[in-house]
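Subject: Structure handover and notes on its fold

Dear colleague,

I am passing on the structure below, together with notes on what was found in it. Please read the notes with the coordinates open beside them.

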Amino acid sequence: MLNVSHVTKKYGKVTACDDVSFQLEPGSITVLLGPNGAGKSTIMKAIIGFLRYDGQITVAGLDNKSVEAKRILGYIPEMPSLYPNLTVSEHMEFLARAYRLSDYRAEAEALFERFELTDKKKKFGDELSKGMQQKLNICMGLLPRPRMLLLDEPMIGLDPHAIKELKKVIEDMRAAGCTLLVSTHIIDSVDMLWDRTIIMQNGQVRANVTRDELEGSGRTLEEMFFAVTEGVERSHMAGETAEGAAE
């Protein structure tokens with residue numbers, strides 16, 4: 001579904017992504033992990049077509065910046081970018097018109113109900129709390145029903161109910177054959193959701209494994225993450241735990 005091939009992105013002398021390559025299978029959930037500054041948001045923005053870069057990215061065999069690919073792709077950014085003079089309902093209408101969606105209102109109402117925005121429909125964008133802005137951000141990303149969805153730190157600022165609903169949405173989309181790429185630096189928030197994990201550090205892919213491969217190694221996702229990003233091996237972590245217990 002997604003092919004990222006030798007993508008490099010530089011900001012002046014700073015290399016944010018350095019020869020990044022990976023593929024995502026249709027109907028799968030891939031978690032993109034890494035510490036702050038690892039290059040996760042940069043590669044997400046490159047995939048969605050917001051940035052210029054060296055290399056190639058295709059979606060279902062289409063150039064990612066083509067109109068056809070953009071009909072397939074959906075994006076939920078880390079930071080909501082709402083219009084202060086549009087209400088919650090008007091944001092959804094604006095998006096529906098941009099995507100030329102017909103009969104979208106029932107879907108919009110269902111999303112409002114799911115993410116507890118029904119009583120906020122007449123609120124303007126700048127009247128919403130940060131958590132409510134993120135909920136609207138998610139609803140807008142889901143409304144076009146994309147075949148592939150990119151989610152950049154989607155759970156930051158959400159309350160427990162919204163996190164539960166978003167996880168259910170992600171699972172439902174996978175069951176429907178959609179492909180999802182979820183970027184985060186909070187391992188616990190996605191530990192039960194993924195089929196493949198890609199770990200980035202300093203702009204490079206440091207690990208790319210499936211859930212089965214990880215379970216076969218005897219490591220947890222957290223253990224692999226720290227082994228890759230900090231050189232902390234499982235045995236060392238176990239030793240430190242034992243020492244702490246002895247003390």
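For what follows, contact means heavy atoms within 4.5 Å, and angles run from 0 to 180 degrees between N-to-C directions. In those terms, helix α5 lies across β6 and β7, and α5 runs at about 180 degrees to β6. Please bear in mind throughout that this is a predicted model.

Overall form

The chain is made up of nine helices and ten strands. Taken along the principal axes, its C-alpha atoms fill a box of roughly 60 × 45 × 35 Å. For 247 residues a compact globule would have a radius of gyration near 18 Å, and the 19 Å found for the chain agrees with that.

The four-stranded sheet

One open sheet consists of four strands in the order β2-β1-β4-β5, and the pairing in this sheet is antiparallel. At its edges stand β2 and β5 (62–63), each of which has a single partner strand, so one side of each is left without a neighbour in the sheet. Strand β1 (residues 2–11) is joined to strand β2 (residues 14–24) by seven bridges, the two running antiparallel, and within this pairing Lys10 stands opposite Thr15 in β2. Two residues lie between the strands in the hairpin of β1 and β2, where Gly12 takes a positive phi near 65 degrees.

Val4 is a useful residue to select here, as a link across the sheet: Val4 stands opposite Phe22 in β2, and in β4 its bridge partner is Ile57. The pairing of β1 with strand β4 (residues 54–59) is in the antiparallel sense and extends over five bridges. Further along the sheet, β4 and β5 pair in the antiparallel sense over two bridges, with Val59 standing opposite Leu62 in β5.

The six-stranded sheet

A second open sheet is formed by six strands in the order β6-β7-β8-β3-β9-β10, and here the pairing is mixed. Its edges are taken by β6 (73–76) and β10 (204–210), and since each has a single partner strand, one side of each is left without a neighbour in the sheet. Neighbouring strands of this sheet are turned against each other by 15 degrees on average, with direction ignored.

Both senses of pairing can be followed in detail. Strand β7 (residues 148–152) and strand β8 (residues 179–184) run parallel and are joined by five bridges, and the bridge partner of Leu149 in β8 is Leu180. By contrast, β9 and β10 run antiparallel and are joined by six bridges, with Thr197 standing opposite Val209 in β10. The hairpin of β9 and β10 has two residues between the strands, and in this hairpin Asn202 takes a positive phi near 55 degrees.

Helices on the sheet and against each other

Besides α5, there is helix α8 (residues 221–230), which lies across β3 (29–33), β9 (196–201) and β10, running at about 25 degrees to β9.

How do helix α3 (residues 88–98) and helix α5 (residues 130–142) pack? They do so at an angle of about 25 degrees, with their axes 10 Å apart. Angles under 35 degrees count as roughly parallel, and α3 and α5 are therefore described as roughly parallel to each other. The crossing of α3 and α5 is right-handed. At the contact, Val88, His91, Met92 and Leu95 in α3 meet Leu136, Cys139 and Met140 in α5. By class, this contact has six nonpolar residues, one polar residue and no charged residues.

A proline in a loop

One last residue to inspect is Pro77, which lies in the loop between β6 and α3. If residues up to four places away in sequence are not counted, Pro77 touches Gln134, Asn137 and Asp152. One of these partners, Gln134, is 57 residues from Pro77 in sequence, yet the two are 9.2 Å apart in space, C-alpha to C-alpha.

With best wishes

Technical notes. Residues are numbered from 1 along each chain as its sequence is written. This is a predicted model: local features need pLDDT of at least 70, side-chain atom pairs count only at pLDDT 80 or more; totals for chains, interfaces and linings use all residues. Side-chain values use heavy atoms; hydrogens and water are left out. Angles under 35 degrees count as roughly parallel, over 145 as roughly antiparallel, 65 to 115 as roughly perpendicular and the rest as oblique. A crossing is left-handed if the near helix is turned anticlockwise from the far one by less than a right angle, and right-handed if clockwise. Ala, Val, Leu, Ile, Met, Phe, Trp, Tyr, Cys and Pro count as nonpolar, Asp, Glu, Lys and Arg as charged, and the others, Gly among them, as polar. Two strands pair if DSSP finds at least two bridges between them. The radius of gyration is taken over C-alpha atoms; the globule rule is 2.2 Å times the number of residues to the power 0.38.
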